[in-house]
Amino acid sequence: MATKAVRKRTYIWVWITLMCLTGLTGGISLINLHAWSAPIAFAIAVIKALLVATFFMHLLYEKQKIVWVWSAVGIVWLTIMIVLTMDDYVTRGFLRVAGK
Amino acid sequence: MSDTSLKLSGNEALNARSLHEQYAELDQQREAATLGMWVFLVTEVMFFGGMIMGYIAYRFAYPEAFREGSIHMLFMAGTINTAVLITASLFVAFAVHGAREGNRKLLVWCLLISMFLGICFLAIKGYEYHDHWVEHKVPGIDFQWDGPDPRHAELFFVLYFFLTGFHALHMLIGVTVLGIITCFAWKGRYTPEYHNPVENAALYWHFVDIVWIFLYPMLYLIGHQHL
């Protein structure tokens, strides 16, 4: 077997952590932290997604390295799309263009 | 597989029937199936990624309109749905555990519970859509807004309906796939050596869960005025 058996207890601990993080992010959203709200909510979402991918989707136990490469590729392509697009939108106001 | 000879002849026959001719052994077939599923999931990342890109660009341009739009989300419904999906994922993980151990009872029951939770998610989502309909928040058809920037608030709702609509469609497909898997599992088609369809359906389900994990803060948590 390329993936070894995961104990049920592990799944339950991951589930408890995910539920706590959901409560945490929901609770934090009730407080107005201004510019910090979105980065904190996003960071918690990333942690939750990583927990699901590593344990529920067995990425941690996957012995085929090519599967790790593909899962990373998904993130890399998405990052390229978002960073290169936003790099345009964010910097548009930086230089004054004559006649604009 | 050195212990194959110890297994029941019934399982052996099933395993032999499940091995497609282009593969040398079941392990090789399973590796190909897992890799193929991950490649498909990456294309799904890009599918949702396009809409998320649109959300990021417009939220950057109109942060205030998006914040006002988010206030009209049903915060509790979104939070409960997040919990429902995470719990469904837990039971799908248990189902895979059951398949690996050859525990048919655990497999079938966990799949049924996951399907039930998936339907609960869709029902709550439907309740939310109904609420938006009654509140005249359906862009293009019936959209009324008293805030300062109705055009861009409408844009938030366009993205909301596309993102959650496509996510709900994926949920519907996920529930259907789990239903088919449950039928085969019930008939005893899967063995500890061969249960690729269970593993791949589970990967799909967890992926749809991850999409929601990101949609929840994007759509529900940027308003700060829920109480």
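A residue is called buried here if 20 or more other C-beta atoms lie within 10 Å of its own, exposed if 12 or fewer do, and partly exposed in between, with the C-beta atoms placed from the backbone. Helices (H or I, at least four residues) and strands (E, at least two) are DSSP runs numbered from the N terminus. With those terms in hand, a good place to start is α3(B), whose buried residues are Ala65(B), Phe66(B), Glu68(B), Gly69(B) and Ser70(B). They pack against α2, α6 and α7 of chain B.

Before we go further, a word on the model: it is predicted, so local features need pLDDT of at least 70 and side-chain atom pairs count only at pLDDT 80 or more, while totals for chains, interfaces and linings use all residues. Residues are numbered from 1 along each chain as its sequence is written, and chains are lettered from A and ligands numbered from 1 in the order in which they are written.

Let us step back to chain B as a whole. Chain B has seven helices and two strands, and along the sequence they follow the pattern α-α-α-α-α-β-β-α-α. Its C-alpha trace spans about 75 × 30 × 25 Å along the principal axes. Of its 227 residues, 41% count as buried. Two residues are in contact if their C-beta atoms, placed from the backbone, lie within 7 Å; among contacts in chain B between residues at least 6 apart in sequence, 76% join residues at least 24 apart.

Now follow α2(B). At 1.5 Å a residue (the expected span is 1.5 Å times one less than the number of residues), its 36 residues should span 52 Å, and this agrees with the 52 Å between its end C-alpha atoms. There is a bend of about 30° at Gly49(B), where the bend is the angle between axes fitted to the seven residues ending there and the seven starting there. The buried residues of α2(B) include Arg30(B), Thr34(B), Met37(B), Trp38(B), Leu41(B) and Val42(B), and, further along, Phe48(B), Ile52(B), Tyr55(B) and Arg59(B). An α-helix has 3.6 residues a turn, so residues three or four places apart point the same way. The cover over the buried residues of α2(B) includes α3 (65–91) of chain A, along with α3 (63–71), α6 (150–186) and α7 of chain B.

Just ahead of this helix, Glu21(B) sits in the loop between α1 (9–18) and α2 (26–61) of chain B. Is Glu21(B) buried or exposed? It counts as exposed, because it has 4 C-beta neighbours inside 10 Å.

That brings us to the partner chain. In the interface, 37 residues of chain B are in contact with 39 residues of chain A. On the chain B side, α2, α4 (75–101) and α7 (196–220) each supply at least two residues, and the largest share, 15 residues, comes from α2(B). By class, this side has 24 nonpolar, nine polar and four charged residues; Ala, Val, Leu, Ile, Met, Phe, Trp, Tyr, Cys and Pro count as nonpolar, Asp, Glu, Lys and Arg as charged, and the others, Gly among them, as polar.

Chain A itself has three helices and zero strands. Its radius of gyration, 19 Å, is well over the 13 Å that the globule rule gives for 100 residues, so chain A is more spread out than a compact globule. That radius is taken over C-alpha atoms, and the rule is 2.2 Å times the number of residues to the power 0.38. The C-alpha trace of chain A spans about 65 × 40 × 10 Å along its principal axes, and 22% of its 100 residues count as buried.
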